[in-house]
Amino acid sequence: MKRVFVRLALAAVLGATASVASAQTLNTIKQRGSLNCGANGTLAGFGLPDSQGRWTGLDVDFCKALAAAIFNDPNKVKFVPLTAKDRFTALQSGEVDVLARNTTWTSSRDTSLGLNFTAVNYYDGQGFMVRKSLKVNSALELNDAAICVQQGTTTELNLADYFRANKMKLKTVTFATADEALKAYDASRCDAYTTDASGLAGERLRLANTNDHIILPEIISKEPLGPVVRHGDDQWFDIVKWTHYAMVTAEEFGVTRSNVDDQAKSDNPEIKRLLGTEGKHGEALGLPNDWAARIVKHVGNYGEAFERNVGQGSALKIGRGINALWNKGGLQYAPPIR
Amino acid sequence: MSAVDTGRSRTALIYNPRIRGFVYQALLCAAIAFLAWGAISNAIDNLARAKIASGFGFWHNTAGFDISQTLIEYSTTSTYGRAFWVGLLNTLLVAGLGIVLATVLGFIIGIARLSTNWLVARLAGVYVELIRNLPLLLQLLFWYNAVLKVLPEVRDSFLVPGGGLLNNRGLFLPQPVFHERFLAVAAALAVAIVLAVAYRVFAKRRQMRTGQPAPVLIVAAAMVIGLPLAALIVTGFPVDFTYPERGRFNVRGGIEVLPEFMALLFGLVIYTAAFIAEVVRAGIQAVAKGQAEAAYSLGLRPGPTLRLVVMPQAMRVIVPPLTSQYLNLTKNSSLAVAIGYPDLVQIFTGTVLNQTGQAIEVVVITMAVYLTISLVTSLLMNLYNRRVSLAER
């Protein structure tokens, strides 16, 4: 916290370019030779280094996709693990170039923090986890319960709203990190633990006796999670936004990691524009024309990243649900590349 | 002649050390003021250009989050300003109680370390060396986890004599509800305190005059306890208690002491007491041995010697470093954030900062608060120090 604040203060005071981004982010990243990505260091499925220090997760793959588009090398990323409460300051101060840390898009965050949300790479909602032994079947039965929650999140606010709206009493126990909140829940300090439903699935697996805990059916909020950039650099904003759309488009047209080289010879004009064999859509972003082909080759399309990190290929086994493509009943929809 | 004079005075002006000193200081002040002005205006400029909200308008906005311990009324619809006061009071509560308890424990350990009893002195020594050589954050996490692990779940609560409950959700005590007649009891207590003080003054004067000591402590205690007790009986116990009850999940009613609060208070007191013990030991050892020996040769027993001869002189040495320990305890209370106790740092530079995104304003306010608390503590201790240090001859 202190370190981040000092950097912000220094940047603000000395007028360093970091806090006042002006179409320089891409050049800075190229000169530095790597992308600084603000990530969650403790959330399975979204951002978590494994025992060998290799980062995995949906948000991690998003940063790798950005690095692939810029450098043709998904490993030119430096991941900066951030807590929920320090993340915005780190982005504002220029410590990271992009914040891909399961961050909920809200109007006040979009307007008063000097930041811009780019796209939604995971549609989430807040849920509750309780011990089976409590015999609770619905969040509406949680009147008077003690609930552990992480600080500096929309979760904290939704929780208070939900209990107020349903005229229930609440005892919140707030912790600085998700780790501490979960540990306190595991030690029976609280009756329930609340966070985004995707987070619950991951956190549940980290508890001592996974099967003693259930996730309640209620989803009490909308949590559109997506990558965030600083205000003021429209080129970088476009690059980050279209990196996500390129991954969604690739899934829509069946371009996968394994078939991307063959698909480059495809006659389908949509695929040709996506992979850069027709038009100059990459150049318009300040990237090479095969930017999207690089993303798919190194990281895969959106569906592949989803299944690998949070879906059937992972321990979380979360279904696509509303994160399916728009033509399969979900909300993932990319504007056309043309 | 006159030309020589002006020449000399001009030279004198340049080489006059007082004037030169004044000019240098004025220049330095101007340079600092310029830098500060530049920094502030630059910061405002950059924040505006980066479209980051600034100013203190957020103070009156709705906070929307819940706080587990509130000494004043607070709900999720209260403002950020209200949340600030809640956090500040929580900090002052833990710091104030911590200072009192750490002082008591520290003096006991410090004196015990100099005990002629081998076992007592060694135990005190082990305590000091063990506690002050471990990082406070680790100790806090240890106490917090210990509290949660040792205490039972709500349904297996320990029963505290008198109708309280102790479990891993905290300590729940019966809450007294006072009737109007209780005013008589309060009045009796006030009268008793006045009488006790008066008696002490009287006893001291008499001892000065005649050399006759009086049992001040026993008489004062009898008054302070006896009078209100008599008033209680006469008015027919005008106080009821609401007892905590076990609900479906938690305990309802009663006075609630959070486990986070217990762990933080415990950790801070135990840690700071180790340092205070060393300060006390150093203070006592700084008093010349001859003082105690002189007191013994006058026939004073070890207790009165310590109390009347050694400690008053030791206090001169003890008070200044003791002040530092008080300041450390207050500042260390901000480690509360690690164990979920809602102090000023946790609420204000945690949740409020994150929700408003106004890092500079929030951190500046918080620093100003800690600075104020520390300066007030220093001021009070300096006043006390002036009183005890007058005893020097």
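## A five-stranded sheet and two domains in chain A

Five bridges connect strand S8 (residues 126-131) of chain A with strand S11 (residues 192-196) of chain A, and the two strands run antiparallel. This description, like everything that follows, refers to a predicted model. Within this pairing, A:Gln126 of S8(A) has A:Asp196 in S11(A) as its bridge partner.

**The sheet**

Strand S8(A) also has a second neighbour, for S8(A) and S12(A) are paired in the antiparallel sense over three bridges. On that side the bridge partner of A:Val130 is A:Ile214, which lies in S12(A). Taken as a whole, the sheet of chain A is open and consists of five strands in the order S10-S9-S11-S8-S12, with mixed pairing. Its edges are formed by strand S10 (170-175) and strand S12 (213-215) of chain A, each of which pairs on one side only. From one strand to the next, the twist averages 30°.

**Helices against the sheet, and the cover on S8**

Helix H6 (residues 154-165) of chain A packs on the sheet and touches S8, strand S9 (145-150), S10 and S11 of chain A, while its direction makes about 80° with that of S8(A). Helix H8 (residues 197-206) of chain A lies across S8, S11 and S12 of chain A, and runs at about 125° to S11(A).

How many of the residues of S8(A) are buried? The strand is mostly covered, with six of its six residues buried. In a regular strand the side chains alternate between the two faces of the sheet. In S8(A) both faces are covered, since A:Gln126, A:Phe128 and A:Val130 are buried on one side, and A:Gly127, A:Met129 and A:Arg131 are buried on the other.

**Two domains**

Chain A is divided into domain 1 (2-123 + 225-328) and domain 2 (126-221). The centres of domain 1 and domain 2 of chain A, taken over C-alpha atoms, are separated by 29 Å. Where the domains meet, 17 residues of domain 1 of chain A are in contact with 16 residues of domain 2 of chain A. The size of an interface is often given as the accessible area lost when the parts come together. For domain 1 and domain 2 of chain A, about 1,100 Å² is buried between them, and 62% of it is on carbon and sulfur atoms. The count of salt bridges between domain 1 and domain 2 of chain A is zero.

**Two residues with positive phi**

Most residues other than glycine have a negative phi. In chain A, A:Asn72 has a positive phi although it is not a glycine, and A:Asp144 likewise has a positive phi without being a glycine. The table sets out where each lies and how accessible it is.

| Residue | Phi | Loop in chain A | Relative accessible area |
|---|---|---|---|
| A:Asn72 | about 60° | between helix H3 (58-71) and strand S4 (77-81) | 36% |
| A:Asp144 | about 75° | between S8 and S9 | 7% |

Is A:Asp144 buried or exposed? With a relative accessible area of 7%, A:Asp144 is buried, because the cut-off for buried is under 20%. A:Asn72, in contrast, is partly exposed, because its relative accessible area of 36% lies in between the cut-offs of 20% and 50%.

Terms used
Residues are numbered from 1 along each chain as its sequence is written. Chains are lettered from A and ligands numbered from 1 in the order in which they are written. This is a predicted model: local features need pLDDT of at least 70, side-chain atom pairs count only at pLDDT 80 or more; totals for chains, interfaces and linings use all residues. Side-chain values use heavy atoms; hydrogens and water are left out. Two strands pair if DSSP finds at least two bridges between them. Helices (H or I, at least four residues) and strands (E, at least two) are DSSP runs, numbered from the N terminus. Axes are lines fitted to C-alpha atoms, for helices over the stretch in contact, and angles run from 0 to 180 degrees between N-to-C directions. Contact means heavy atoms within 4.5 Å. Buried means under 20% relative accessible area, exposed over 50%, partly exposed in between (1.4 Å probe, protein chains only). Domain bounds come from an automatic or database domain assignment. Buried area is the accessible area (1.4 Å probe) that two parts lose on being put together, summed over both. A salt bridge is a side-chain nitrogen of Lys or Arg within 4 Å of a carboxyl oxygen of Asp or Glu.
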